[in-house]
Amino acid sequence: EEDDALGGASVGAQREASRRLAEKERERIEFEESQMVRTVVGRKEKKERARMRREEESNLGAIADVGNLVRGASEAFGGG
């Protein structure tokens, strides 16, 4: 697959990594609740969460930019 300027082909990999991270988080919470304990979240996991959040926000920003571009084009050509 080829990436476009915004990294389009890597979005699927990001989605998969995000899904894995969410599954791991769900399992951790389920364990904590069933055992009535709290586990320590390490630095590595915190950094991974922050990185995924930044990537998702970046993707949402790119989608918003496309929406603005479409809206501007439709206004420019009398469709808005």
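The following legends describe close-up views of a predicted model.

**View 1. Salt bridges in the predicted model.** The structure contains 12 salt bridges. Side chains of opposite charge can pair when their charged atoms come close. Three of these pairs, together with a network and a loop residue, are presented in the views below.

**View 2. The salt bridge between E25 and R49 links two helices.** The closest N and O atoms of E25 and R49 are 2.6 Å apart. E25 belongs to helix α1, which covers residues 11-35, whereas R49 belongs to helix α2, which covers residues 43-76; the pair therefore ties together parts that are 24 residues apart in sequence. E25 has a relative accessibility of 21% and so counts as partly exposed. R49 is also partly exposed, its relative accessible area being 24%. For both residues the lower limit of this class matters, because a residue is called buried when its relative accessible area is under 20%.

**View 3. E32 and R28 form a salt bridge within helix α1.** The two side chains meet with an N to O distance of 2.6 Å. Both residues lie in helix α1 and are four residues apart, about one turn of the helix. E32 and R28 are both buried.

**View 4. R51 and E55 form a salt bridge within helix α2.** Here the side chains of R51 and E55 meet at 2.6 Å, N to O. The two residues are separated by about one helical turn, because they are four residues apart in helix α2. R51, at 30% relative accessibility, counts as partly exposed. E55 is partly exposed as well, with a relative accessible area of 22%.

**View 5. Shared partners join several residues into one network.** Salt bridges that have partners in common connect E25, R28, E32, E33, R38, E45 and R49. Among the members of this network are E25 and R49, the pair of View 2, and these two residues connect helix α1 with helix α2. The network also includes R28 and E32, the pair of View 3, which both lie in helix α1.

**View 6. M36 has a positive phi angle.** Where is M36 found? This residue lies in the loop between α1 and α2. The phi angle of M36 is near 55 degrees, a positive value in a residue other than glycine. Is M36 buried or exposed? M36 has a relative accessibility of 77% and therefore counts as exposed, since that class begins over 50%.

Note on methods: Residues numbered from 1 in each chain as written. Predicted model: local features only at pLDDT ≥ 70, side-chain atom pairs only at ≥ 80, totals over all residues. Heavy atoms only, no water. Salt bridge = Lys/Arg side-chain N within 4 Å of Asp/Glu carboxyl O. Buried < 20%, exposed > 50% of the residue type's maximum accessible area, 1.4 Å probe, protein only.
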